[in-house]
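Hi everyone, thanks for letting me go today. I'd like to walk you through a protein, going from the overall picture down to single residues.

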Amino acid sequence: MAAHEIMRGTSAFRNLIREGKVARMYAAIQTGQTIGMQTMDQCLQSLVDKRAVSVEVAREKARQPDSITA
């Protein structure tokens, strides 16, 4: 998991940590958008939308490059 991902200490997220279910944390961050969680890819897409970085640069850094759109 990238250091740029924003996590909130929800009880569900704490349980994932306690149970060592690291693989499910990324999905939990994605679905936690309504409470301020954000994945690296979501942040990169936001930067592309603001024209702060190019699509190419964002795709180079993304976990799922195809998810970054112009």
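I'll begin with the whole chain, then go to the core, and finish with a few side chains.

One thing to keep in mind: what you're looking at is a predicted model. So what is it built from? The protein has four helices and zero strands. If you walk along from the N terminus, the order simply reads α-α-α-α. The C-alpha atoms fit a box of roughly 40 × 20 × 15 Å along the principal axes. There are 70 residues in the protein, and 27% of them are buried. As for the outside, the accessible surface is about 4,900 Å², and carbon and sulfur atoms account for 52% of that. Now take the contacts between residues at least 6 apart in sequence: 35% of them link residues at least 24 apart.

Okay, on to the inside. In soluble globular proteins, nonpolar side chains tend to be buried together. Which residues make up the largest nonpolar core here? There are seven: M40, L44, V48, V55, A58, A62 and I68. Two helices, α3 (40–49) and α4 (55–61), each give two or more residues to this core. The largest share, three residues, is from α3. If you want one residue to click on, try A62. Skipping its neighbours within four places in sequence, A62 contacts D41, L44 and I68. There's also a second, separate core of five residues, and L16, M25, I29 and M37 are among them.

Let's stay with α3 for a bit. Its buried residues are M40, D41, Q42, L44, Q45 and V48. And what covers them? The cover includes α2 (25–31) and α4.

You may have spotted two glutamines in that list, so let's visit both. What does the side chain of Q42 reach at 2.8 Å? That would be the backbone nitrogen of T39. The Q42 side chain also makes a polar contact of 3.4 Å with the side chain of Q33. Leaving out residues up to four places away in sequence, Q42 touches Q30, Q33 and M37. M37, you'll remember, is one of the residues in the second core.

The other glutamine is Q45, also in helix α3. Why does Q45 count as buried? Because its relative accessibility is 15%, and the cut-off for buried is under 20%. Again leaving out residues up to four places away, Q45 touches S67, I68 and T69. I68 is a member of the largest core.

Now let's go past the end of the helix. Just after α3, R51 has a positive phi of about 60 degrees. A little further on is V53, in the loop between α3 and α4. Is V53 buried or partly exposed? It counts as partly exposed, because its relative accessibility is 27%. Setting aside neighbours within four places, V53 contacts L44, L47, V48 and A58. Of those, L44, V48 and A58 belong to the largest core.

Last stop: the rings. How many aromatic pairs does a search of the whole structure find? Zero. There is still something to look at around Y26, though. The charged end of R63 sits over the Y26 ring, 4.0 Å from the ring centre.

That's my tour. If you'd like one place to start on your own, go to α3, which gives three residues to the largest core. Thanks, and I'm happy to go back to any of these views.

Terms used:
Residues are numbered from 1 along each chain as its sequence is written. This is a predicted model: local features need pLDDT of at least 70, side-chain atom pairs count only at pLDDT 80 or more; totals for chains, interfaces and linings use all residues. Side-chain values use heavy atoms; hydrogens and water are left out. A nonpolar core is a set of buried Ala, Val, Leu, Ile, Met, Phe, Trp, Tyr and Cys residues joined through side-chain atoms within 4.5 Å. Buried means under 20% relative accessible area, exposed over 50%, partly exposed in between (1.4 Å probe, protein chains only). Contact means heavy atoms within 4.5 Å. A polar contact is a pair of N or O atoms within 3.5 Å; within protein, one must be able to donate a hydrogen and the other to accept it, and residues adjacent in sequence count only if both atoms are side-chain atoms. Rings of Phe, Tyr and Trp (its six-membered ring) pair if their centres lie within 6.5 Å; planes under 30 degrees apart count as stacked, over 60 as edge-to-face and the rest as tilted. A charge sits over a ring if NZ of Lys or CZ of Arg is within 6 Å of the ring centre and within 35 degrees of the ring normal. Accessible areas come from the Shrake-Rupley method with a 1.4 Å probe; for residues, only the protein chains shown count as cover.
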